[in-house]
Amino acid sequence: MILLFIIVLYAVAASILFCFIYSLGKTAHESIGRYFRRLVVSGGLTVGTYATAMVMNTGQKAMITYSLYYILLDINMLCLLFFMLRFTGIKKDLTIIRRISLCGLGIDFILDIINFFTGLVFKCSQCFDNHGTGFFRVSERGILYSYHIFFNYLVIIGTLGVLARKISMSPNIYKMKYAGIIIVLLGMVVCNSLYLKLNLMFDYSLIHYAVLSFVLLYFSVIYVPRGLMERLLVFTVANMKDGIICLDVDGRCVNANKPAREYCTSELDDSILDLQIKRWFSEKISPDVNDDSWESERRIDGMTHFYLIEYRKIFDDRRKYLGCFFIIHDRTEELMKYNAEKYRATHDMLTGIFNKEYFYETAKALIDKKNEQYYIVCTDVKNFKLINDVFGVETGDRLLKQLAQVVSGFGSDRCVYGRLTGDKFALCIPAVKFSEEIFLEKFSGVGSFLENAVFKTHVHIGVYEIDDTDLSVSVMCDRASLAIKTIKDSYENVVAYYDKHLREKAMSEQRVVSEFEEAISTGQFHAYVQPQISAEGYITGGEALVRWIHPEYGIVPPSKFIGIFEQTGLICRLDHFMWEQACIQLRKWNDQGLQDCYLSVNISQKDFYLLDVYDIMTSLVKKYTLNPRCLHLEITETAIMDNPYTQLPLISRLREFGFVLEIDDFGSGYSSLNTLKDLKADVLKIDMGFLRGNDHGGRSKTILHTIIKLAKALNMEVITEGVETKEQVRFLTKSGCDIFQGYYFAKPMKLSDFEENYLHAQLLM
Ligand code: C2E
Ligand code: MG
Ligand code: MG
């Protein structure tokens with residue numbers, strides 16, 4: 001009898017081992033697999049230890065082995081609890097339970113260990129079965145055994161509680177899984193209780209370990225609830241956003257979810273659904289195709305929805321036709337997002353017309369068709385920055401929107417347009433459709449809302465007649481913009497055309513700019529001086545004029561580079577250099593005892609924007625300890641009147657400091673009597689340029705004479721520049737001119753020549 005029981009126990013341990021091996025790598029989640037393996041290993045060891053304890057040869061050994069068995073039993077119960085917690089997923093964080101369990105286990109562990117000495121938990125003694133075979137069994141349960149029982153039953157109740165809770169939460173289809181485990185566990189508990197209550201010879205509940213292991217293995221690894229697949233599929237289909245309609249082999253609808261019914265606008269009426277399916281078969285699907293798709297539109301709740309309908313036949317493994325299904329995918333949201341993104345990528349956010357990238361792309365496609373001649377037309381608003389500054393950005397934006405409207409008015413399938421940047425718009429238009437008059441007329445109304453007595457909007461138009469279709473559209477636009485540059489000073493709506501010279505000019509300008517850095521650092525800029533002579537014939541001083549002594553081209557006159565440097569702002573560095581050169585020269589003359597001789601320097605309009613002219617000038621005269629009266633500052637009328645509010649006080653400050661202020665080139669531009677009224681300068685420098693050529697019956701002379709008189713009356717000294725003939729000198733002297741500068745006396749020359757030939761000389765007129 002005892003032998004049979006022991007064999008059964010070892011068989012139980014072996015079957016547990018089998019469960020262990022079978023489960024390897026088969027559980028759905030690795031952590032569940034881990035917990036399962038811990039459970040079966042501890043179960044196998046518990047059963048094995050029990051069997052071993054029974055067959056021990058001495059009472060002491062049996063005592064120790066039974067203690068080990070009780071400890072393993074505790075561990076096994078805990079493994080069961082933790083496995084259940086993981087398996088059911090009831091509690092994710094096991095830290096607290098783990099700590100409490102370890103405490104409980106620790107106590108039982110100590111009690112079992114000291115039991116050897118105290119015998120307070122259990123005592124064992126040898127018994128004999130019917131055949132007289134001896135074995136050891138727990139014969140007495142001491143007072144502390146109740147702790148062991150309490151701990152184990154607490155754990156098992158906890159495990160049953162976990163299972164019960166999981167059953168209450170699970171859908172019906174899964175309940176069976178947990179109920180099966182509960183039944184086996186309860187069987188085990190009942191068996192164990194009977195063993196304790198009736199003080200049976202053997203603990204038959206241990207046999208349940210094999211059953212429990214198989215049951216757990218089955219439910220955690222093998223079992224799939226019956227019909228689960230089908231039910232899962234049904235619910236998946238029901239919960240899908242896409243509409244699904246399944247038809248059987250006879251074309252009968254076997255399943256249609258809510259979105260599908262909504263699409264067919266028949267929540268209730270299946271006949272409409274059938275009607276829709278029939279229509280698809282008659283209009284869209286040919287019988288011999290296995291799958292197909294098409295787009296469709298529906299108005300639902302006043303809004304148009306866009307759908308993609310997919311049709312597919314279903315075949316079994318042997319290619320036998322089983323039925324078919326339709327997927328109705330609502331693409332409205334996707335399309336709206338796509339359209340919004342496409343709009344953002346191709347449109348300018350402010351004006352709503354096409355952006356630069358889209359314009360380049362579509363214009364290129366048009367031009368590449370090569371079926372007609374195209375023009376690239378670019379627009380530019382004169383002084384747009386000023387409009388933003390004076391009227392505010394919102395007004396600027398309004399103007400841009402108006403421009404966009406005009407530009408888009410030209411749009412057609414043969415003409416594309418877009419906004420490049422800021423106030424620059426571009427069109428790619430067939431040559432036959434381009435008309436200067438129409439463009440000028442359309443743009444003439446732009447900005448009328450901000451026009452007043454002093455301000456008018458001017459739109460400049462640049463045209464590139466495409467002669468090289470291989471160029472990128474961006475280069476074509478650059479060419480049209482280059483044409484605009486030639487009319488940038490014009491105060492009208494004007495059209496300018498690109499030609500090759502413009503490009504060459506632009507390139508040579510580019511070269512000049514790129515050579516500046518090297519030129520200034522290697523001393524290629526030189527200060528030349530043109531003498532100024534008093535009416536009495538004395539050299540009073542001279543004007544410092546820059547010359548670029550280029551290593552390749554020789555002497556380059558200022559007309560070739562001053563304008564370019566003014567555009568790029570490089571003029572500031574050049575002027576600073578020239579002013580310092582003049583100061584160095586004056587210092588040298590001062591040191592030679594020539595205190596009265598002065599030098600005039602030119603101040604460009606740009607210098608006032610980019611430099612602190614007052615600070616630089618005063619620092620320079622301090623640095624070279626000069627009398628500021630030796631440094632004459634030439635400023636053009638335009639430079640002053642461009643920004644009179646800041647310029648006039650600056651000029652007053654410079655004069656107060658002691659500089660001599662000269663109005664340069666008076667008479668060469670649009671001179672205004674207002675300038676003379678507002679501007680208190682020391683010298684009026686009149687350009688003889690306007691006297692050259694036709695004298696218009698002496699009218700020029702009269703004007704010149706009057707200007708000189710006017711300047712004198714305003715207490716200004718008069719210098720006339722550009723004096724070329726003796727006759728001019730005579731006339732100017734008679735009119736009261738104080739000082740002369742011109743080729744009649746001398747051309748601008750090197751400083752050394754000026755010092756050598758003129759500085760100490762007195763000229764006879
Ligand atoms: P500007 O300041 O009015 O200088 C006078 C220009 O008239 C000089 O031309 C001079 O050579 C020229 N000139 C003098 N007498 C006669 C004459 O009898 N007949 C003719 N036809 N021309 C005469 P330049 O040196 O070519 O300078 C041209 C302009 O370049 C200057 O006009 C000035 O505006 C600018 N410039 C020259 N050097 C500098 C400089 O260092 N800085 C700045 N910002 N501008 C400069
Ligand atoms: Mg000058
Ligand atoms: Mg001048």
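This talk goes through a ligand site, two magnesium ions and one covered strand in a predicted model.

Let me begin with ligand 1, since the metal ions will bring us back to some of its neighbours. Around ligand 1 there are 23 residues, and the closest of them are Gln530, Glu543, Asp575, Glu724 and Tyr743. If we sort the residues of this shell by their chemical character, nine are nonpolar, five are polar and nine are charged. As for individual polar atoms, a nitrogen atom of ligand 1 lies 3.0 Å from an N or O atom in the side chain of glutamine 530, and a nitrogen atom of the ligand is also found 3.1 Å from a polar backbone atom of valine 546. An oxygen atom of ligand 1, in turn, is 3.3 Å from an N or O atom in the side chain of glutamate 721. Taken on its own, ligand 1 has 780 Å² of accessible area, and the protein covers 80% of that. The elements that supply two or more residues to the shell are β14 (539-550), α19 (571-591) and β18 (660-666), and β14 gives the most, with four residues.

Now to the metals, starting with the magnesium ion that is ligand 2. Which residues coordinate the magnesium ion (ligand 2)? They are Glu543 through OE, Asn602 through OD1, Glu634 through OE and Asp664 through OD, at 2.0 to 2.3 Å. Along the chain, these donors follow the spacing E-x58-N-x31-E-x29-D. Glutamate 543 sits in strand β14 and glutamate 634 in strand β17 (residues 631-636), so this pair ties together parts that are 91 residues apart in sequence. Both of these glutamates are under the 20% cut-off for buried residues: glutamate 543 has a relative accessible area of 3%, while glutamate 634 stands at 1%.

The magnesium ion that is ligand 3 has as its protein donors Asp664 (OD), Asp665 (OD) and Glu721 (OE), which lie 2.0 to 2.3 Å from it, and the spacing of these donors along the chain is D-D-x55-E. You will have noticed that aspartate 664 has come up twice, and indeed aspartate 664 coordinates both magnesium ions, which are 3.6 Å apart. Distant parts of the chain are linked here as well, with aspartate 664 in strand β18 and glutamate 721 in strand β20 (residues 717-721), 57 residues apart. Aspartate 664 and glutamate 721 are both buried.

Finally, I would like to turn to strand β8, which covers residues 374-381. Are the residues of β8 mostly buried or exposed? Eight of the eight residues in the strand are buried. In a regular strand, the side chains alternate between the two faces of the sheet. In β8, Tyr374, Ile376, Cys378 and Asp380 lie on one side, with Tyr375, Val377, Thr379 and Val381 on the other, and both faces are covered. As for its partners, β8 pairs with strand β10 (residues 424-430) in the antiparallel sense over six bridges, and there tyrosine 374 stands opposite proline 430. Strand β11 (residues 459-465) also runs antiparallel to β8, joined to it by seven bridges, and valine 377 has valine 463 as its bridge partner in β11.

If you keep one residue in mind as you turn the structure, let it be aspartate 664, which bridges the two magnesium ions.

Notes:
Residues numbered from 1 in each chain as written. Chains lettered and ligands numbered in written order. Predicted model: local features only at pLDDT ≥ 70, side-chain atom pairs only at ≥ 80, totals over all residues. Heavy atoms only, no water. Near = heavy atom within 4 Å. Polar contact = N/O pair within 3.5 Å; in protein donor to acceptor, adjacent residues only side chain to side chain. Areas by Shrake-Rupley, 256 points an atom, 1.4 Å probe, with all protein chains shown as cover. Nonpolar A, V, L, I, M, F, W, Y, C, P; charged D, E, K, R; others polar. Buried < 20%, exposed > 50% of the residue type's maximum accessible area, 1.4 Å probe, protein only. Pairing = 2+ DSSP bridges. Donors = N, O, S within 2.8 Å, 3.2 Å for Na, K, Ca; no water.
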